[in-house]
Amino acid sequence: MNCDFDRVRGLLQRAKRVLFLTGTGVSAESQIPTFRGAATAFADGLTEDGLPFEEVLSSDTLQANPRLSWKHLFKLEQSIRGKLPNAAHQAMAALQTPGRSVFVATENIDELHQPAGSRNVFELHGNLRRIICTQCDYRVHLETFESLPKRPHCPQCQDILHPDVVLDGEPLSETVLAAFNDEQDRGFDLVFSVGTSLFLDVIQPVLAAARRGTPVVEINPEKTPVSEVADFRFAAPAGGRRVFQRVIQIAIQNSLIYANKSGPGGIAAGGGVLQRSMACRLV
Ligand SMILES: [Zn+2]
């Protein structure tokens, strides 16, 4: 394991297929608290209703007490409302070129990769901005939940509405997994794990790539199971702002930016000139 940015740069320049696994550490740079932190009122892990977070946002509670689940879903929505992609989101999108496909598989539910310009995004845990009905085909994308009643019902069949996120006790989307598995079967030349937490469904693809001999880069201030297999590890702050500024630099230096100069915040806002020695001090 090392912090050789020049080697990562070389791998990036040659890579035709790159995968980023992203987690709450990426969202944190956009001032979004962790999924758990946004809805948990107390340090003991219980919500203000005295129930564990997982129980409040579970499939069973949504059915039995939808008003309670939705109360916390509204809090979650408030935590992502108006938030913009940051340098990390921008950098991943900027690395897409006609000769390089970039895939993002994320545990985040805030839909910040797409406005940054990423085209191939697998939302493993869903998307809080989408609302669905599990009894009929009703679905809607909402920028905010402001227009929703406290106990929202399907306008077509009156069943309680469901956020298009994976609640506790629910499986991941078969559709999303099938599409992601197809890309994994095709393989990647380079895999990044960025700010991921300990969700096994997010970590396992990285471990699988490492087993196949694919170079793995981890950007995370905390050690994770990925750390053990990573070829390169950057113990950067959550969101990897400094690391991703270097990645942006690589993209700029190689004239690889095609689509994202006008994204929220802009590449320039996330870029900037960094000292070369900074990379190794990150470790
Ligand atoms: Zn319905």
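## Model and confidence

Across the protein the mean pLDDT is 80, and 77% of the residues score at least 70. The model is predicted. Confidence is highest in strand E3, at 97, and lowest in helix H12 (residues 266-270), where the mean is 29.

Two stretches with low scores can be named. Residues 39-43 have a pLDDT below 50, and this stretch has 11 contacts in the model beyond near neighbours in sequence. Over residues 254-283 the pLDDT also stays under 50. For residues 254-283 the model has 68 contacts beyond four places in sequence.

## Overall content

The protein contains 13 helices and 9 strands. Of its 283 residues, 41% are buried. Among contacts between residues at least 6 apart in sequence, 67% join residues at least 24 apart.

## The parallel sheet

Strands of a sheet pair through backbone hydrogen bonds, in either the parallel or the antiparallel sense. One open sheet has 6 strands in the order E3-E2-E1-E7-E8-E9, and the pairing is parallel. Its edge strands are E3 (120-123) and E9 (232-234), each of which pairs on one side only. On average, neighbouring strands of this sheet are turned by 15° against each other, direction ignored.

Strand E1 (residues 17-22) stands between E2 and E7 in the strand order. E1 is joined to E2 by 6 bridges, and the two run parallel. With E7, E1 pairs in the parallel sense over 5 bridges. Leucine 19 stands opposite phenylalanine 103 in E2 and opposite valine 191 in E7. E1 is mostly covered, with 5 of its 6 residues buried.

On the other side of E7 in the order comes E8. Strand E7 (residues 190-194) and strand E8 (residues 216-219) run parallel and are joined by 4 bridges. Here valine 194 stands opposite isoleucine 219 in E8.

## The antiparallel sheet

A second open sheet has 3 strands in the order E5-E4-E6, with antiparallel pairing. E5 (139-141) and E6 (162-165) are at the edges; each has a single partner strand, so one side of each is left without a neighbour in the sheet. From one strand to the next the twist averages 40°.

Strand E4 (residues 126-132) and E6 run antiparallel, joined by 4 bridges. Within this pairing, glycine 126 has valine 165 in E6 as its bridge partner.

## Helices H1 and H7

Which residues of helix H1 (residues 5-14) are buried? They are Phe5, Val8 and Leu12. Viewed down the axis of H1, these buried residues fall within an arc of 60°, so they line one face of the helix. The face of H1 turned away from the buried side carries the exposed residues Asp6, Gly10, Gln13 and Arg14.

Helix H7 (residues 87-94) has 8 of its 8 residues buried, so it is largely enclosed by the rest of the structure. The buried residues of H7 are Ala87, Ala88, His89, Gln90, Ala91, Met92, Ala93 and Ala94.

## Positive phi outside glycine

Most residues other than glycine have a negative phi. Two residues of this model can be set beside that rule: glutamate 111, with a positive phi of about 55°, and glutamine 158, with a positive phi near 70°. Neither glutamate 111 nor glutamine 158 is a glycine.

Glutamate 111 lies in the loop between strand E2 (101-106) and helix H8 (113-116). Is glutamate 111 buried or exposed? It has 20 C-beta neighbours inside 10 Å and therefore counts as buried; the cut-off for a buried residue is 20 or more.

Glutamine 158 is in the loop between E5 and E6, the edge strands of the antiparallel sheet. It has 11 other C-beta atoms within 10 Å and is therefore exposed, the limit for an exposed residue being 12 or fewer.

Methods:
Residues numbered from 1 in each chain as written. Predicted model: local features only at pLDDT ≥ 70, side-chain atom pairs only at ≥ 80, totals over all residues. Pairing = 2+ DSSP bridges. Axes fitted to C-alpha atoms, helices over the stretch in contact; angles between N-to-C directions. pLDDT = per-residue confidence, 0-100. Contact = placed C-beta atoms within 7 Å. Arc of directions from axis to C-beta.
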